[in-house]
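Here is a friendly briefing to read alongside the sequence and the model. It moves from charged pairs to one helix, then to some individual residues and the chain as a whole.

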Amino acid sequence: MDYVKGFASVLSPLLEGDLNENEITLMIEKPKHSGLGDYAFPCFSLAKIKRKSPQVIASELALNVTSPLFEKTEAAGGYVNVFLKKDAVTEHVIQNVLKLGGQYGSSENKSKGVVTLDMSSPNIAKPFSMGHLRSTVIGNSLSLIFEKSGYQPVKINHLGDWGTQFGKLITAYKKWGDEEEVIANPIKELLKLYIKFHDEAEKDPELEVAGRNWFKQLEDGNEEALSLWKWFREESLKDFSRIYDLLNIKFDSFAGEAFYNDKMNRVVELLEEKRLLTTSEQALVVDLESENMPPCLIKKSDGATLYATRDLAAALYRFENYRFAHSIYVVGNEQTLHFKQLIHVLKKMGYAWSDQMVHVPFGMILKDGKKMSTRKGKVILLEEVLNESIALAKKNIEEKNPNLENKEAVARMVGVGAVIFHDLKNFRMNDIDFNLEDMLRVEGETGPYVQYTYARANSLLRKGGWNTGEAQDSPALSGVEEWDITMKLLEFPEAIQRATAKYDPSQIAKYVVDLAQAFNKYYGAVRILEEDEWKYSRLKLVSAICTVLEEGLRLLGLQAPEEM
RNA sequence: GUCUCAGUAGCUCAGUAGGAUAGAGCAACAGUUUCCUAAACUGUAGGUCGGAGGUUCGAAUCCUCUCUGGGACACCA
């Protein structure tokens with residue numbers, strides 16, 4: 001299946017003493033244009049050793065590069081280009097995909113260990129905004145990609161369920177709140193109270209004091225405070241679960257900030273034991289000057305702990321509990337410094353596993369080039385966006401396929417898919433300027449485009465009488481029309497490897513668009529259901545495409561409708 | 001000020017362990033449906049890869065400097 005290796009093993013004896021097979025394998029690349037060949041070996045670096053021009057070396061090599069795998073070999077511009085035997089390779093690739101099904105591209109080693117993913121992490125009593133979407137959707141996709149690569153993912157929703165904002169909220173609720181309204185519409189009401197608190201606090205500084213007091217009460221275990229906090233948390237989670245259901249995302253743990261309250265003393269003690277703490281401006285810090293970083297704050301001057309303390313406790317807990325092979329934090333790039341500090345403190349504490357921790361940052365969602373602020377009530381609610389997207393999908397279905405059976409379900413898949421795909425298709429670090437129109441787009445490089453392609457391909461299988469059972473033998477396909485698709489199918493495992501290595505779901509998104517484009521091109525050029533001797537062979541190819549498209553979409557967290 | 005991320009077609013972005021003529025999508029324009037789902041396909045047009053040096057046989061990709069924009073930089077998370 002590995003044609004690069006095949007090429008390298010042919011070249012190797014010809015370059016005895018100059019390059020070994022491994023080096024050759026690494027040098028082999030794909031030509032810019034398929035007309036040049038399927039794989040290329042550049043001869044430039046050999047020019048010095050052999051004291052000949054790359055062109056001469058390439059033509060000499062080309063004469064001796066022969067293999068049952070290759071149709072022909074050419075020397076061009078200092079490269080040795082080989083053309084694979086289209087019929088044999090196409091047949092082989094299709095058979096392989098059909099045989100493996102959804103397992104195609106999966107790692108053979110399925111026990112590479114646990115990967116914890118810190119993701120989503122919305123703040124209780126605050127709306128689930130577009131900002132949280134990124135962490136949720138990137139984290140989910142990474143969990144699927146890592147699973148595919150042989151790891152066991154553990155998705156942790158590190159809820160923002162503790163902190164002074166709860167003191168403020170309790171204050172506001174007791175002053176202006178109404179139980180029934182909160183029950184009817186928890187997040188909306190709580191957000192209202194939160195915003196009102198900040199508006200009023202500007203005029204009345206006493207409120208801030210009251211807020212701090214209530215938080216102190218909460219920490220000290222005051223019953224009223226505690227029960228309000230619990231209630232807010234529960235109601236918020238109900239709201240969130242509606243969104244997670246819509247997104248089709250589940251978590252393995254909801255251990256949030258509050259969960260670590262009783263685990264932080266130990267961290268401080270450990271740091272003390274290891275003599276890492278120093279006092280600076282009445283606060284306890286771990287000095288990181290040797291790492292060229294500002295100090296990491298462990299305890300405030302008033303003795304209270306901070307988020308770094310909490311994250312240290314969480315890291316320890318996760319290692320002790322899960323023994324992770326990797327611990328991934330899918331958190332915005334504005335927190336890069338914090339995670340650098342976190343990892344270095346753990347390293348200083350002597351935990352070698354700190355090397356297995358990685359911050360996977362991503363760019364922000366901006367509105368008109370600016371950050372969105374919860375306090376000012378300037379947030380865009382994810383749920384509204386999702387609903388709008390679903391409504392649009394529904395409208396499109398009514399227009400284009402009014403007889404479709406399960407319209408609602410399909411509209412959901414497509415509407416949600418559009419939003420998720422839009423987030424994942426570009427490199428994570430890019431900021432995204434929020435643009436609803438852009439997000440709801442269904443043409444071009446979008447989720448709905450890929451889903452449509454999948455539905456179209458499935459329709460061919462239905463009409464062609466394809467049965468999912470054993471594929472029969474049939475004449476091999478050798479047309480150039482099929483060839484681009486074959487090469488794309490061959491690339492799927494590479495795309496997964498790249499996505500895993502770079503913690504980058506966009507590798508899969510781009511792949512899936514490429515494959516869809518290749519198929520649509522094919523669809524436009526060839527009549528797939530034409531009754532000729534190749535029909536069954538074409539259906540096999542289409543079936544392989546369906547398998548890979550579905551699996552690619554799945555890795556992004558999208559569903560693939562069989563009709564739309 | 002220090003650190004960090006980004007700058008590629010009108011817009012949104014691919015392409016960066018150096019390699020052949022820098023690619024998509026959207027928008028624009030011109031086409032394709034008696035034919036497998038037109039959420040599709042074909043074609044045209046669109047570029048000093050922010051700028052300047054350097055390394056190299058070869059640079060969008062590596063190094064230095066520089067300009068522009070985002071973010072972070074101690075008691076918020």
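## Salt bridges and the rest of the fold

A network of salt bridges links Lys30, Lys488, Glu491 and Asp514. Please keep in mind that this is a predicted model. Over the whole structure, a search finds 30 salt bridges. The points below start with three further pairs and then widen the view.

**Pairs of opposite charge**

- Asp18 and Lys50 join their side chains in a salt bridge, with 3.0 Å from N to O. This pair links distant parts of the chain, 32 residues apart: Asp18 sits in the loop between helix 1 (3-11) and helix 2 (21-27), and Lys50 belongs to helix 3 (residues 46-50).
- Asp18 counts as partly exposed at 24% relative accessibility, and Lys50 is also partly exposed, at 28%.
- Arg134 and Asp423 form a salt bridge whose closest N and O atoms are 3.0 Å apart. Arg134 is in helix 6 (residues 130-148) and Asp423 in helix 16 (residues 407-424), so this pair ties together parts that lie 289 residues apart in sequence.
- Is Asp423 buried or exposed? Asp423 is buried, because its relative accessible area is 4% and the cut-off for buried is under 20%. Its partner Arg134 is buried as well, with a relative accessible area of 1%.
- Lys174 and Glu224 make a salt bridge with their closest N and O atoms 2.4 Å apart. Because Lys174 lies in helix 7 (residues 164-176) and Glu224 in helix 11 (residues 223-247), the pair ties together parts 50 residues apart in sequence.
- Lys174 is partly exposed, with a relative accessible area of 43%. Glu224 counts as partly exposed too, at 37% relative accessibility.

**Helix 12 and what covers it**

- Which residues of helix 12 (residues 264-273) are buried? They are Met264, Val267, Val268, Leu270 and Leu271. These residues cover an arc of only 160° around the axis, so they fall on the same side of helix 12.
- Asn265 and Glu273 are exposed on the other side of helix 12.
- The cover over the buried residues of helix 12 includes three strands and two helices: strand 6 (277-280), strand 7 (283-286), strand 8 (296-299), helix 13 (307-322) and helix 14 (336-348).
- Arg275, just after helix 12, takes a positive phi of about 55°.

**Other residues with positive phi**

- Most residues other than glycine have a negative phi, which makes the next two residues worth a look.
- Ser121 has a positive phi near 45° and is not a glycine. Its place is the loop between strand 4 (114-119) and helix 6, the helix that also holds Arg134.
- Asn292 is not a glycine either, yet its phi is positive, at about 65°. Where does Asn292 lie? Asn292 is in the loop between strand 7 and strand 8, two of the strands that help cover the buried residues of helix 12.
- Asn292 counts as exposed because its relative accessibility is 72% and the cut-off for exposed is over 50%.

**Ile397 and its surroundings**

- Ile397 is part of helix 15 (residues 382-400). With 7% relative accessibility, Ile397 counts as buried.
- Beyond its neighbours within four places in sequence, Ile397 is in contact with Pro402, Leu404, Lys407, Val410 and Ala411.
- Lys238 and Ile397 are 159 residues apart in sequence, and their C-alpha atoms are 30 Å apart in space.

**The chain as a whole**

- Chain A contains 21 helices and 13 strands. Its C-alpha trace spans about 85 × 65 × 40 Å along the principal axes.
- How many residues does chain A have, and what share of them count as buried? There are 564 residues, and 53% of them count as buried.
- Taking contacts in chain A between residues at least 6 apart in sequence, 74% join residues at least 24 apart.
- Chain A exposes about 26700 Å², and carbon and sulfur atoms supply 47% of that area.
- Chain A carries 70 positive and 82 negative charges, and the mean positions of the two sets are 2 Å apart.

Methods. Residues are numbered from 1 along each chain as its sequence is written. Chains are lettered from A and ligands numbered from 1 in the order in which they are written. This is a predicted model: local features need pLDDT of at least 70, side-chain atom pairs count only at pLDDT 80 or more; totals for chains, interfaces and linings use all residues. Side-chain values use heavy atoms; hydrogens and water are left out. Helices (H or I, at least four residues) and strands (E, at least two) are DSSP runs, numbered from the N terminus. Buried means under 20% relative accessible area, exposed over 50%, partly exposed in between (1.4 Å probe, protein chains only). Contact means heavy atoms within 4.5 Å. Accessible areas come from the Shrake-Rupley method with a 1.4 Å probe; for residues, only the protein chains shown count as cover. Lys and Arg count as positive and Asp and Glu as negative; His and the chain ends are not counted. The place of a charge is taken as NZ of Lys, CZ of Arg, CG of Asp or CD of Glu. A salt bridge is a side-chain nitrogen of Lys or Arg within 4 Å of a carboxyl oxygen of Asp or Glu. The arc is that of the directions from the helix axis to the C-beta atoms.
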